[in-house]
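Let's take a walk through this structure together, one region at a time. Have the sequence and the 3D view at hand, and follow along as each residue comes up.

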Amino acid sequence: MNTAIIYESKHHGNTKKLVDAIARTHEVTLIDALTDGARDLSGYDLIGFASGVYGGKFGKGVLKYAQNHLPADKPVFLLYTCGSPRGSYTAAIGEIVRKKGSRVIGEYGCPGFDTFGPFKLVGGIAKGHPNAAETDGAAAFFDALPVRKQEPRE
Ligand SMILES: Cc1cc2nc3c(=O)[nH]c(=O)nc-3n(C[C@H](O)[C@H](O)[C@H](O)COP(=O)(O)O)c2cc1C
């Protein structure tokens, strides 16, 4: 299954660890929303958007990428890391996906080391995250996506 993951991981590279855990064991195309140029996503069967949470949402680079480049009719999965894992941080990206005529088929989030603002003064929160169990969790989540479950392992 031809998969692309568009990611934004600008704080500590936390989200990139989730993406890399998937890429270690699967053929996926990784696209950095902040530095890689526009790509045609129409040839991908499955698309992931991955981001740290900044101000309660996915990063602007990923949101913009989805807005400008996500084709209609694609299964989409969401990955994120955040300082305080409570509440939903996927409303904005989810709305873009739906408005583009595609659909979210799953999401996975976990804590990520956070030294933003006042947290820097206390040495940060969610230290050591994502940890190995959480990066393994991202890979397991990917394996279990409904569109992938029927496939033989690559
Ligand atoms: C500018 C900024 C805003 C943030 N806003 C939130 C937030 O609203 N909620 C939250 O739980 N974490 C917030 N965080 C923490 C990040 O989501 C967390 O550290 C995440 O793992 C960063 O991912 P990255 O290293 O892949 O960029 C914020 C961090 C930064 C730098």
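A residue is called buried when its relative accessible area is under 20%, exposed when it is over 50%, and partly exposed in between. D73 has a relative accessibility of 60%, so it counts as exposed. Keep in mind throughout that you are looking at a predicted model.

D73 is a good place to begin for another reason too. Its position is the loop between α2 (60-69) and β5, and its phi is near 70°, a positive value in a residue other than glycine. Another residue with a positive phi is A126, at about 55°, and A126 is not a glycine either. Is A126 buried or exposed? With a relative accessibility of 18%, A126 counts as buried, because that value is under 20%. You will find A126 in the loop between β6 and α4.

Stay in that loop for a moment. P130 also belongs to the loop between β6 and α4, and the peptide bond leading from H129 to P130 is cis, with omega near 0°. F119 is found in the loop between β6 (103-111) and α4 (132-143) as well. At 32% relative accessibility, F119 counts as partly exposed. Which residues join F119 in a nonpolar patch on the surface? They are F116, L121 and V122, and the four residues together have about 480 Å² of accessible area.

Now turn to the strands. T3 lies in strand β1, which covers residues 3-8. Its relative accessibility is 1%, so T3 counts as buried. Setting aside residues up to four places away in sequence, T3 touches V28, T29, Y44, L46, F77 and F142.

For a second buried residue, look at L79 in strand β5, residues 75-82. L79 has 0% relative accessibility and therefore counts as buried. What does L79 touch, once its neighbours within four places in sequence are left aside? The contacts are T15, V19, I22, F49, A50, S51, F58, Y108 and F141. There is also a pairing of backbone positions to look for here: L79 and L18 are 61 residues apart along the chain, yet their C-alpha atoms are separated by 7.7 Å.

Next comes the ligand. It is surrounded by 21 residues, and the closest are S9, H12, V53, Y54 and T81. T81 has an N or O atom in its side chain that is 2.6 Å from an oxygen atom of the ligand. The backbone takes part too: a polar backbone atom of F113 is 2.8 Å from an oxygen atom of the ligand, and a backbone N or O atom of G55 lies 2.9 Å from a nitrogen atom of the ligand. How much of the ligand does the protein bury? Taken alone, the ligand exposes 650 Å², and the protein buries 86% of that.

Finally, let's visit the charged pairs. A search of the whole structure finds three salt bridges. One of them joins E8 and K10, whose closest N and O atoms are 2.9 Å apart. The two partners have contrasting surroundings: E8 counts as buried because its relative accessibility is 1%, whereas K10, at 47%, counts as partly exposed.

Another salt bridge brings together the side chains of K16 and D20, with 2.9 Å from N to O. Why are K16 and D20 separated by about one helical turn? It is because they are four residues apart in helix α1, residues 14-25. K16 counts as partly exposed at 25% relative accessibility, and D20 counts as partly exposed at 25% as well.

The side chains of K99 and E95 also meet in a salt bridge, at 2.9 Å from N to O. K99 and E95 both lie in helix α3, residues 91-99, four residues apart, which is about one turn of the helix. K99 has a relative accessibility of 67% and so counts as exposed, while E95 is partly exposed, with a relative accessible area of 40%.

Notes. Residues numbered from 1 in each chain as written. Predicted model: local features only at pLDDT ≥ 70, side-chain atom pairs only at ≥ 80, totals over all residues. Heavy atoms only, no water. Patch = residues over 30% accessible without salt bridge, like charges linked within 9 Å, V, L, I, M, F, W, Y side chains within 5 Å. Areas by Shrake-Rupley, 256 points an atom, 1.4 Å probe, with all protein chains shown as cover. Helix = DSSP H or I, 4+ residues; strand = E, 2+ residues; numbered from the N terminus. Buried < 20%, exposed > 50% of the residue type's maximum accessible area, 1.4 Å probe, protein only. Contact = heavy atoms within 4.5 Å. Near = heavy atom within 4 Å. Polar contact = N/O pair within 3.5 Å; in protein donor to acceptor, adjacent residues only side chain to side chain.
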